[in-house]
Amino acid sequence: MERNVNIVRDVNGNNIVIINDIRFKGKRSVNWDDVKAYLEIFVGEFYEIADTKDIIYIGNDLPDEYTGSKYTYSLKGTIAKAKANAAQGIPEMLEIAVGKKFEQNRETKHQWNARNGWYRYDSRFALPVFAENGEVERYNVFHASMLIRHANDGKLYLYDILEIKKETSNPLES
């Protein structure tokens, strides 16, 4: 499946993943089943975080967790659409991730799949805002927390993308 995604630097030298297509759109709500089906193309792949050289695997639990988590169900409007469309940039968002932070496992339900705890990385992505004539007017920039589970097999797996927040600084101009 073809993706239209680039990595650019902002004026402060920080990386941003530019997702040029809005694949998941709708006036009312996101069709999370479509997002789930899209995410399945990444299952079995792995990507390296440039900052830490950690290898992050995409397991078969990602599509379900990404689209069916409590966090996802709580999302509305712009942030829901941002999370849905961020799925297109997962490889690049992992590549530019920074700020590795460890967290102990807090829930017994994850004892079997995250016995070694969790890591969070910060990443950023931008989505286009289109003018009425169909041209890109600007890009809205979002911050996201990449939740990585440290599994029993010693590997790191992308589990979900959380805490998506639209940055209030100046949006990127096209």
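## A guided tour from strand S6 to helix H1

Begin by selecting strand S6, residues 118–130. In this predicted model, 11 of the 13 residues of S6 are buried, so the strand is largely enclosed by the rest of the structure.

**Partners of S6.** Keep S6 displayed and add strand S7, residues 136–150. The two strands run antiparallel and are joined by 13 bridges; one pair to label is Asp122 with its bridge partner in S7, Ser145. Follow the chain from S6 into S7 to find a hairpin with 5 residues between the strands. Within that turn, Gly134 has a positive phi of about 90°.

Next, select strand S5, residues 98–103, which pairs with S6 in the antiparallel sense over 4 bridges. Glu103 has Trp118 of S6 as its bridge partner. Then add strand S2, residues 15–19. S2 and S6 run parallel, with 2 bridges between them, and Ile18 stands opposite Ala126 in S6.

**The nonpolar cores.** Now display the side chains of Val35, Tyr66, Ile90, Leu94, Phe125 and Leu158, the residues with the most contacts inside the largest nonpolar core, which has 40 residues. Elements giving two or more residues to this core include S2, S6, S7 and strand S8 (156–166), together with helices H1, H2, H4 and H5. H4 supplies the largest share, 5 residues. A second, separate core of 5 residues can be selected through Ile16, Ile18, Tyr139 and Val141, which are among its members.

Return to the largest core and centre the view on Ile90. Leaving aside residues up to four places away in sequence, Ile90 touches Leu39, Ile58, Leu62, Tyr66, Leu158 and Ile161.

**Helix H4.** Select residues 77–86. Of these 10 residues, 7 are buried, so H4 is largely enclosed by the rest of the structure. The buried residues are Ile79, Ala80, Ala82, Lys83, Ala84, Asn85 and Ala86.

**Helix H1.** Finish with residues 32–39. Which residues of H1 are buried? They are Trp32, Val35, Tyr38 and Leu39. Look down the axis of H1: its buried residues fall within an arc of 115°, so they line one face of the helix. The general geometry is that an α-helix has 3.6 residues a turn, so residues three or four places apart point the same way. To see what the buried residues of H1 pack against, add H2, helix H3 (70–74), H4 and H5. Lastly, select Asn31, which caps the N-terminal end of H1. A side-chain oxygen of Asn31 lies 3.0 Å from the backbone nitrogen of Asp33.

How values were computed. Residues numbered from 1 in each chain as written. Predicted model: local features only at pLDDT ≥ 70, side-chain atom pairs only at ≥ 80, totals over all residues. Heavy atoms only, no water. Buried < 20%, exposed > 50% of the residue type's maximum accessible area, 1.4 Å probe, protein only. Core = buried A, V, L, I, M, F, W, Y, C linked by side-chain atoms within 4.5 Å. Contact = heavy atoms within 4.5 Å. Pairing = 2+ DSSP bridges. Arc of directions from axis to C-beta. Polar contact = N/O pair within 3.5 Å; in protein donor to acceptor, adjacent residues only side chain to side chain.
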